[in-house]
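This report covers the fold, the helix packing, the nonpolar cores and a few loop residues. The structure comes first.

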Amino acid sequence: MREDSVQFGGSNLIGVVSEPEETEPPRGAPGIILLNSGLIPKMGPNRLYVTLARRLARQGFTVLRFDLSAIGDSPARSDTRPFRESSVIETQEAMDFLARTRGIETFLLGGICTGAVVAFRTALVAEGVQGIAMINAQDLVTEQPAQAQAYVRERAGARYYLRTALRQPRSWGRLLAGRASYRAIASALRTRIAGSRRGRQPLATAEAAEVRQGLQRFADPGTPLLLLYAEGDRGLDELDLILGDDRQWLDRSPWIDHQVVPGADHMFTLRDKQAAFLDHLEHWAQRAAGQTAGGEAAPTLQEAP
């Protein structure tokens, strides 16, 4: 593979294109665009975007990872557009750049955290998006009622006690010595029980309804959608809030790959979790490029709850 530094768009955005060195990508193969995870520059958290782009390039894909305006090497915009708008415009400029310079007509968009949200919002308005990979998507809904915020906090606290604190010997010592918070442990158990019950209603806001409708657009007739989460990520709780029990279409659609990486954190810090992330993204990209919902099944990391 080879890599070139590039500059494009009205705000002179800076990026890196990774592509096959000796062979041209298959005719009609989608280009892949990786979007910033928060304020982390185009290398991605733990340089995951660098490794992923190079692996995909060796598989025949053309991959562009770039910095949105005012992040990393890209300058700030000269206008006052909010990030919600400018990020979508700049992603479309990245698509136009690959179309103009590489002859690419369709695209796979992906990113971690904020990058997942930008990919989703762009796919709703841009033509030529063939698939999107949303990894640890957070803040799909920016305005949450106090009750919804409390739900997310309670779920986070429950995970801490049930998956972390109570698995450590010193925690049991504190419990037996009476220095642990019995109220917090009881709350965690109640949250786990309540979380297993059915009858949860979707978040009743206009923004949440728009997100639900947007996600359903990818279920049928089908644009391949990857929803990949680290175990216990806050984004999973937000997805539960948005969907409630109205998720049969999500679980049954052959176009949607909904997976959880056991033991991973938000940025996939541990090496073995990075390997799981890279393997899954590579396999999904190959499947999405085929524009099919069937075929070989993606490797199962863990069934999503």
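Helix axes here are lines fitted to C-alpha atoms over the stretch in contact, and angles run from 0 to 180 degrees between N-to-C directions. The model is predicted.

## Overall fold

The protein has 10 helices and 8 strands. It is 305 residues long, and 50% of them count as buried. Contacts with a separation of 6 or more are mainly long-range in sequence: 72% of them link residues 24 or more positions apart.

## α3, α7 and α8

Helix α7 takes part in two of the packings described here, one with α3 and one with α8. Take α3 and α7 to begin with. Their axes come within 11 Å and cross at roughly 70°. Angles of 65 to 115 degrees count as roughly perpendicular, so α3 is roughly perpendicular to α7. On the α3 side the contact uses F120, A123 and L124. On the α7 side it uses V211, G214, L215, R217 and F218. By class, the contact has 6 nonpolar, 1 polar and 1 charged residues.

Now α7 and α8. Helix α7 spans residues 206-222, and helix α8 spans residues 234-243. The two axes come within 9 Å and cross at roughly 95°. This pair is therefore roughly perpendicular as well. A208, V211, R212 and L215 of α7 meet L239, I242 and L243 of α8. Here the residues divide into 6 nonpolar, no polar and 1 charged. V211 and L215 appear in the contact with α3 and also in the contact with α8.

## α1 against α10

Helix α1 covers residues 48-58, and helix α10 covers residues 271-289. They pack at an angle of about 40°, with axes 10 Å apart. The two helices are therefore oblique to each other. The crossing of α1 past α10 is right-handed.

From α1, the contact draws on L48, T51, L52, R55 and L56. From α10, it draws on Q274, F277, L278, D279, L281, E282 and A285. The class count is 7 nonpolar, 2 polar and 3 charged residues.

## Nonpolar cores

In soluble globular proteins, nonpolar side chains tend to be buried together. In this model the largest nonpolar core has 47 residues. Which members touch the most others? They are I33, L64, F66, I132, M134 and L215. Helix α3, residues 114-125, gives the largest share of this core, with 6 residues. A second, separate core holds 27 residues, including V63, C113, A276 and W284.

F66 deserves a closer look. Beyond its neighbours within four places in sequence, F66 contacts F8, L13, I14, G15, I33, L34, L35, N36, K42, E90, T91 and A94. L215, also named among those core members, is the α7 residue that contacts both α3 and α8.

## F61 between α1 and β4

F61 sits in the loop between α1 and β4. Is F61 buried or exposed? Its relative accessible area is 6%, so F61 is buried. Not counting residues up to four places away in sequence, F61 touches S18, E19, P20, P30, I32, L56, A285, Q286 and A289. Two of these, L56 and A285, also belong to the α1 and α10 contact.

S18 lies 43 residues from F61 along the chain, yet their C-alpha atoms are separated by 8.1 Å.

## Loop residues S11, N12 and A70

Most residues other than glycine have a negative phi. N12 departs from this, with a positive phi of about 55°. N12 lies in the loop between β1 (2-8) and β2 (13-19). Its relative accessibility is 41%, so N12 counts as partly exposed. S11 is in the loop between β1 and β2 too. At 12% relative accessibility, S11 counts as buried. Leaving aside neighbours within four places in sequence, S11 contacts P75, R77 and E90. E90 is also a contact of F66.

A70 is another non-glycine residue with a positive phi, about 70°. A70 is found in the loop between β4 (63-66) and α2 (83-102). With 54% relative accessibility, A70 counts as exposed.

Conventions
Residues numbered from 1 in each chain as written. Predicted model: local features only at pLDDT ≥ 70, side-chain atom pairs only at ≥ 80, totals over all residues. Heavy atoms only, no water. Helix = DSSP H or I, 4+ residues; strand = E, 2+ residues; numbered from the N terminus. Parallel < 35°, antiparallel > 145°, perpendicular 65-115°, else oblique. Left-handed = near helix turned anticlockwise from the far one by under 90°. Contact = heavy atoms within 4.5 Å. Nonpolar A, V, L, I, M, F, W, Y, C, P; charged D, E, K, R; others polar. Core = buried A, V, L, I, M, F, W, Y, C linked by side-chain atoms within 4.5 Å. Buried < 20%, exposed > 50% of the residue type's maximum accessible area, 1.4 Å probe, protein only.
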